[in-house]
Amino acid sequence: MLIDTHTHLYLEEFQPAPQEAVTRAIQAGVAQMIFPNVDLSTIPLMQNLHNQFPQNTFMAMGLHPTAIKESWVDDLSKIKSEIDKNRNNYIAIGEIGIDLYWDKTFKEEQMQALEKHFQWSVESNLPVIIHSREGLDEILEILDGLAIKPQGVFHSFGGTINDVEKIRTCGDFYFGINGIVTFKNSKLREILSYIGIDRILLETDAPYLAPVPHRGKRNESAYLIHTAAYIAQYLSISLNEVASTTSANAKHLFKIQ
């Protein structure tokens, strides 16, 4: 059994029948999937798909850093209200973080929003799902200033050994590994052993970042097997060990039964 700890099968790329992608994943051995929210518009789409597969899917609630715009204070208030009203529906705060890759206009607002999310995580005893794109230093700066730090995962991790070390000194975190590791020129494979299988979570980030041999196509949770198999081959361990260990990691972090 595999657990896809980060997938957006509810997005428009899978409409009008996202349930077909969930079914394909289950048939491929991906028995459980975590849906992190993106913005206010994606909440009903995510909830609707989860309600069709309540035993196989879980939800995380947060505001994606690229969704932090002029109305971010009001948007964040609505996200917080959703968490407060339906706390038992969510297993994590996410997808949250810092993204300065395309636009740095709202850098300070992203940092303020992330600090709020971290505070919610501690208050609600929920782990965080962190998106970091050209924003690791800012994220670590915020974490360093917290009296109580959240647990969580750095989703779609693609950093260096030095980045791993810096993250480890800031708290108790896992590393989300997806199809990037299978790309021909990826250097991520070189640090897998440094991270260690006991700190790896498998993810797809569907519909993005499809692994080889599906690179360039719409990604699906069903393709998680390719990433798992690649990790097993590169670390010289069995696919069963990759599946069992990463699933145990996910169950521990997200308190999945």
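This passage walks through the overall fold, one helix pair, a buried aspartate and some unusual backbone geometry.

The structure is a predicted model, in which local features need pLDDT of at least 70 and side-chain atom pairs count only at pLDDT 80 or more, while totals for chains, interfaces and linings use all residues. Residues are numbered from 1 along each chain as its sequence is written, and side-chain values use heavy atoms, with hydrogens and water left out.

To start with the whole, the protein chain contains nine helices and eight strands; these are DSSP runs numbered from the N terminus, with helices (H or I) of at least four residues and strands (E) of at least two. The radius of gyration is 17 Å, close to the 18 Å that the globule rule gives for 257 residues, so the chain is as compact as a globular protein of that length. Here the radius is taken over C-alpha atoms, and the rule is 2.2 Å times the number of residues to the power 0.38. The C-alpha trace spans about 45 × 40 × 35 Å along its principal axes. Of the 257 residues, 56% count as buried (under 20% relative accessible area, with exposed over 50% and partly exposed in between, for a 1.4 Å probe and protein chains only). Among contacts (heavy atoms within 4.5 Å) with a separation of 6 or more, 72% come from residues 24 or more positions apart.

Next comes a helix pair. The axes of α4 (residues 107–124) and α5 (residues 136–144) come within 10 Å and cross at roughly 45°. The contact is built from K107, M111, L114, E115 and F118 of α4, together with E138, I139, E141, I142 and L143 of α5. Axes here are lines fitted to C-alpha atoms, for helices over the stretch in contact, with angles running from 0 to 180 degrees between N-to-C directions.

A little further along the chain, D163 sits in helix α6 (residues 161–170). This residue counts as buried because its relative accessibility is 16%. Beyond its neighbours within four places in sequence, D163 touches L136 and F157.

The backbone also holds some surprises. Most residues other than glycine have a negative phi, and most peptide bonds are trans. A cis bond nevertheless joins G94 and E95, with omega about 10°, and E95 belongs to strand β4 (residues 90–99). Another cis bond runs from A206 to P207, with omega near 15°. P207 lies in the loop between β8 (200–202) and α8 (224–235), as does L209, whose phi is positive, near 60°. L209 is partly exposed at 29%. S236, in the loop between α8 and α9 (239–254), likewise has a positive phi of about 60°, and is exposed at 66%.
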